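Me: I am new to this structure and would like a close look at one part of it. Please take the metal site, and then show me what lies elsewhere along the chain.

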Amino acid sequence: MRDHFEIRDHDAAGRIGRLEVPRAGVTVETPALLPVVNPNVLTIEPRRLAEEFGAEMLITNSYIIRSTDRIRDRVLEEGLHDFLGFDGAIMTDSGSFQLAEYGDIDVTTEEIIEFQRRIGSDVATPVDVPTPPDVDRERAERELETTKRALADAEAAETGGMLVNAPVQGSTFPDLREEAGRHASATDLDVFPVGAMVPLLNAYRYAEVVEAVRAAKRGLAPDAPVHLFGAGHPMMLALAVAAGCDLFDSAAYALMARDGRYLTVAGTEHLAEMEYFPCSCPVCAEHTPAELREMDGSGTSEKSAEQLLAEHNLHVTFEELRRVKAAIRSGTLLDLVDRRARGHPAMLDGYRALLDHADELERTDPVSKDAFFYTSHESAKRPEVRRHHERLARLAVPDRLLLTESNAPSTHDYGAVWRVKPPFGPFPRALSETYPLTAEVPERVDESAQTAAAEGVASLAAANPETAITLGHDDWADAALERVPDGVETENLRSLGR
Ligand SMILES: [Zn+2]
């Protein structure tokens, strides 16, 4: 049990937690978004990040501070919190990103942890090796060994009460990620960033991001706080939280603003092409896109268009984070992920990759929550459907059993009559009022829901080979009927006029 992280609520693999940061004397609620603060360019004053945006924690780069003469001595003298004017928790990066970009940096883990301690960081980072995606396995393995040595050096370092990150690398090899997660989890380090995600995130390779996170999580302890390093686009927060990430950092709000890009929960828009702002944050409520465009280069306003765009980008990201937390509390996180998945095909790939791991999600998914809404083909693959199919094998059945979609009472000579509801399949009427069978399902049932229901019938039949089962279905598609085992007699209720 890691005593600095407490998990309060679960939904899918997402959770609301409390991360205690002892050196800062604060407890941060997760999922948390850490705005990235460039120590040289304060796009938004850190004090305002806390007061106006609700940031409880931010991240800055100790390597940049250490290698910039102009600010290094000042930060050493004043301490990081006074230098930035921020009372919350401050995480510092180590220069690993620079190592990945430029191939070489002039600092060891021992030196940079010592520097982070001296400037007053609350969460420090060793010099790991962020292996990019798609490299050959030999390189991924070799660099993972270097990262393991960096973690060992960090464990041996004098930390002065700082928490310390244990990055999980492994490139695009799920087994290496899992092994790296297991290794990191066995150290006495505290927070677990899934690293080198930026190339995948920038290329919208969300399915592979989900695979990397799930692989890392299979190795990590269930109560380990997980940071998706470099992820801060509002579009993918719900997906990443549902996959099991607790911490995010956003450089995107500032970087995108520099290029005139406007973030939304459905993707990225270009200020140059916008006629309306579809948002009610203070920036969008007070300006039109045309006004912001005209501000460029005028130099007369208090804030530049870039700053205002950065503020909008951050507002929309924190707003989405609050929406994600509310969804976890009400048990509707996967409904939110489903809605977000409609914003971009790459997001749909990410959602489908997540549902490929429904068995893993099922372990932490609450048994009961707000009504299940069937809103897409993907709903048929949710962990609740899988759990119901597993439960079917444990229910007692008579010798002769009728499963039917019809609600009409009938005289019959069966031992029992069970309801059938796509996508779940059969269940005794006594369970009708229990989650998830209270689901709201559209009248016009689709083939995916019928197919999932047929799999439920198959699972019941497999567990009870001696029982004579008859299935009354409402004109199911051939693809669904093909999943019904041969031993089950079928009747099409529609052709029978029922
Ligand atoms: Zn806005």
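Reply: What follows starts at the zinc site and then moves to other parts of the chain. Keep in mind that this is a predicted model.

Start with the metal. Four residues coordinate the zinc ion: Cys279, Cys281, Cys284 and His312. The three cysteines each give their SG atom, and His312 gives ND1. The distances run from 2.1 to 2.4 Å. Now look at the angles. The 4 donor atoms subtend 100 to 117° around the zinc ion, so the arrangement is tetrahedral. For that label, all angles must lie between 85 and 135 degrees.

Next, read the donors along the chain. Their spacing is C-x1-C-x2-C-x27-H. The pair Cys279 and His312 links distant parts of the chain, 33 residues apart. Cys279 sits in the loop between β13 (267-270) and α13 (282-286). His312 belongs to helix α15, residues 305-330. Both Cys279 and His312 are buried.

Take the cysteines one at a time. Cys279 has 16% relative accessibility, so it counts as buried; the cut-off is under 20%. Leaving aside neighbours within four places in sequence, Cys279 is in contact with Tyr262, Cys284 and His312. Two of these names, Cys284 and His312, are also zinc donors.

Cys281 is in the loop between β13 and α13 too. Its relative accessibility is 6%, which means that Cys281 counts as buried. Apart from residues up to four places away in sequence, Cys281 touches His312 and His315. The record has something to say here as well. An unreviewed UniProt entry gives the annotation "binding site" to Cys279, Cys281 and Cys284.

Now follow the helix that carries His312. Helix α15 has 26 residues, and at 1.5 Å a residue they should span 38 Å. The C-alpha atoms at its ends are 38 Å apart, which agrees. Just after α15 comes Gly331, with a positive phi of about 75°.

A second helix can be checked in the same manner. Helix α7 covers residues 137-156, and its 20 residues should span 28 Å at 1.5 Å a residue. Its end C-alpha atoms lie 29 Å apart, which agrees. The buried residues of α7 are Ala140, Glu143, Leu144, Thr147, Lys148, Ala150, Leu151 and Ala154. They cover an arc of only 160° around the axis, which puts them on the same side of α7. Arg149 and Ala156 are exposed on the other side. What do the buried residues of α7 pack against? Their partners are α6 (109-119), β8 (163-164) and α8 (174-186).

Another record entry points to Asp93. UniProt places the feature "active site" there, in an unreviewed entry. Asp93 lies in strand β6, residues 89-93. With a relative accessible area of 13%, Asp93 is buried. Its contacts, not counting residues up to four places away in sequence, include the run Ile59, Thr60, Asn61, Ser62 and Tyr63. Asp93 also touches Gln116, Thr125 and Phe229. Gln116 falls within the span of α6 (109-119).

Finally, look at the backbone in some of the loops. Ser171 has a positive phi of about 55°, although it is not a glycine. Find Ser171 in the loop between β8 and α8, two of the elements that the buried residues of α7 pack against. Ser171 is buried, with a relative accessible area of 4%.

Ala196 is another non-glycine with a positive phi, here about 60°. Its place is the loop between β9 (192-194) and α9 (198-202). Ala196 has 16% relative accessibility, so it counts as buried.

Two cis peptide bonds complete the tour. One runs from Pro422 to Pro423, with omega near 5°. Pro423 lies in the loop between β15 (416-421) and β16 (425-427). The other runs from Tyr435 to Pro436, with omega near 0°. Pro436 is in the loop between β16 and α20 (447-463).

To return to the start: the zinc ion has three cysteines and one histidine around it, and the arrangement is tetrahedral.

Terms used. Residues numbered from 1 in each chain as written. Predicted model: local features only at pLDDT ≥ 70, side-chain atom pairs only at ≥ 80, totals over all residues. Heavy atoms only, no water. Helix = DSSP H or I, 4+ residues; strand = E, 2+ residues; numbered from the N terminus. Expected span 1.5 Å × (residues − 1). Buried < 20%, exposed > 50% of the residue type's maximum accessible area, 1.4 Å probe, protein only. Arc of directions from axis to C-beta. Contact = heavy atoms within 4.5 Å. Donors = N, O, S within 2.8 Å, 3.2 Å for Na, K, Ca; no water. Tetrahedral: all angles 85-135°; square planar, octahedral: opposite > 155°, others 65-115°. UniProt positions renumbered as here; feature names shortened; annotations may be inferred.
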